[in-house]
Amino acid sequence: MEGMDVDLDPELMQKFSCLGTTDKDVLISEFQRLLGFQLNPAGCAFFLDMTNWNLQAAIGAYYDFESPNISVPSMSFVEDVTIGEGESIPPDTQFVKTWRIQNSGAEAWPPGVCLKYVGGDQFGHVNMVMVRSLEPQEIADVSVQMCSPSRAGMYQGQWRMCTATGLYYGDVIWVILSVEVGGLLGVTQQLSSFETEFNTQPREAPCPL
């Protein structure tokens, strides 16, 4: 496992600290995003409240509070297996989104890890799928059953790996979906599924002459 990286753009942090906003929901949302969704809204509110709702001070307080030796599993996004660039899908269509990910660390993942929806558009009711523990450098595909929105347009959502204790880790995984009336992705997935099922059906041997 690798130590937690703290790599926040100082210029970006300065901009947020100078916002001067009194909208607590905005500050909570930005705090959560800057932490890579590692902390829930209630936890973000706790650190913001203790620093008089100063975003930059709250970020510092959070990392001061966390153990400097904390270690988390490592995960790297490899590629989109389905819903790649340029692919579109019709409205209100069931589809399967698949990502390829890798345990990029030196230790196996702990048991009970899962992939969780953390923000943006969710595309259906599924918000979590269990993922098997990967060995160091092992690559695997992770799939989620989804449904496209009813209106055409561009949509996006974010998912992250999470341990059984609630610690998020690894790259943020994106779903970027183009919904178009003439989209073909859902149809091609259904045809592929039908073809697979057809090819696995037992067939009668031809009658001997």
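**View 1. Glu79 stands opposite Arg100 in β5, within an open sheet of three strands.** This is a predicted model, in which local features need pLDDT of at least 70 and side-chain atom pairs count only at pLDDT 80 or more, while totals for chains, interfaces and linings use all residues. Residues are numbered from 1 along each chain as its sequence is written, and side-chain values use heavy atoms, with hydrogens and water left out. The strands of this sheet follow the order β3-β5-β8, and their pairing is antiparallel; strands here are DSSP runs of E with at least two residues, helices are runs of H or I with at least four residues, and both are numbered from the N terminus. Two strands are said to pair if DSSP finds at least two bridges between them, and β3 and β5 (residues 94-102) are joined by four bridges. Because β3 (76-80) and β8 (139-147) each have a single partner strand, they stand at the edges, and one side of each is left without a neighbour in the sheet. On average, neighbouring strands of this sheet are turned by 35 degrees against each other, direction ignored. In a regular strand the side chains alternate between the two faces of the sheet.

**View 2. A second open sheet, of five strands, has mixed pairing.** Its order is β4-β10-β9-β6-β7, and the edge strands, β4 and β7 (128-130), each pair on one side only. At one edge, β4 (residues 88-89) runs parallel to β10 (residues 168-179), and two bridges join these strands; Ser88 stands opposite Ser178 in β10. At the other edge, strand β6 (residues 114-120) and β7 run antiparallel and are joined by three bridges, with Cys114 opposite Met130 in β7.

**View 3. The hairpin of β9 and β10 has five residues between its strands.** Strand β9 (residues 153-162) runs antiparallel to β10, to which nine bridges join it, and Gly157 stands opposite Val175 in β10. Also in this hairpin, Gly166 takes a positive phi near 95 degrees.

**View 4. Helices α2 (residues 24-34) and α4 (residues 55-65) pack with their axes 11 Å apart.** The angle between α2 and α4 is about 45 degrees, where axes are lines fitted to C-alpha atoms, for helices over the stretch in contact, and angles run from 0 to 180 degrees between N-to-C directions. That makes α2 oblique to α4, a word kept for angles outside the other classes, which are roughly parallel (under 35 degrees), roughly antiparallel (over 145) and roughly perpendicular (65 to 115). The crossing of these two helices, α2 and α4, is right-handed, which means that the near helix is turned clockwise from the far one by less than a right angle. Leu27, Glu30, Phe31 and Leu34 of α2 meet Leu55, Ala58, Ile59 and Tyr62 of α4, contact being defined as heavy atoms within 4.5 Å. By class, the contact of α2 with α4 has seven nonpolar residues, no polar residues and one charged residue, where Ala, Val, Leu, Ile, Met, Phe, Trp, Tyr, Cys and Pro count as nonpolar, Asp, Glu, Lys and Arg as charged, and the others, Gly among them, as polar.

**View 5. Helix α2 also meets helix α3, and their axes come within 9 Å.** These axes cross at roughly 105 degrees, and that makes α2 roughly perpendicular to α3. The contact is made by Leu27, Ile28, Phe31 and Gln32 of α2 together with Pro41, Cys44, Ala45, Phe47 and Leu48 of α3. The residues of this contact of α2 with α3 divide into eight nonpolar, one polar and no charged.

**View 6. Gln32 in helix α2 is in contact with Leu39.** Gln32 is buried, with a relative accessible area of 17%; buried means under 20%, exposed over 50% and partly exposed in between, for a 1.4 Å probe and protein chains only. Neighbours within four places in sequence left aside, Gln32 is in contact with Phe37, Leu39, Asn40, Pro41 and Cys44. Leu39, which is found in the loop between α2 and α3 (41-50), is buried with a relative accessible area of 16%. With neighbours within four places again left aside, Leu39 is in contact with Gln32, Cys44, Phe47 and Tyr62. The C-alpha atoms of Leu39 and Tyr62 are separated by 9.7 Å, and these residues are 23 residues apart along the chain.
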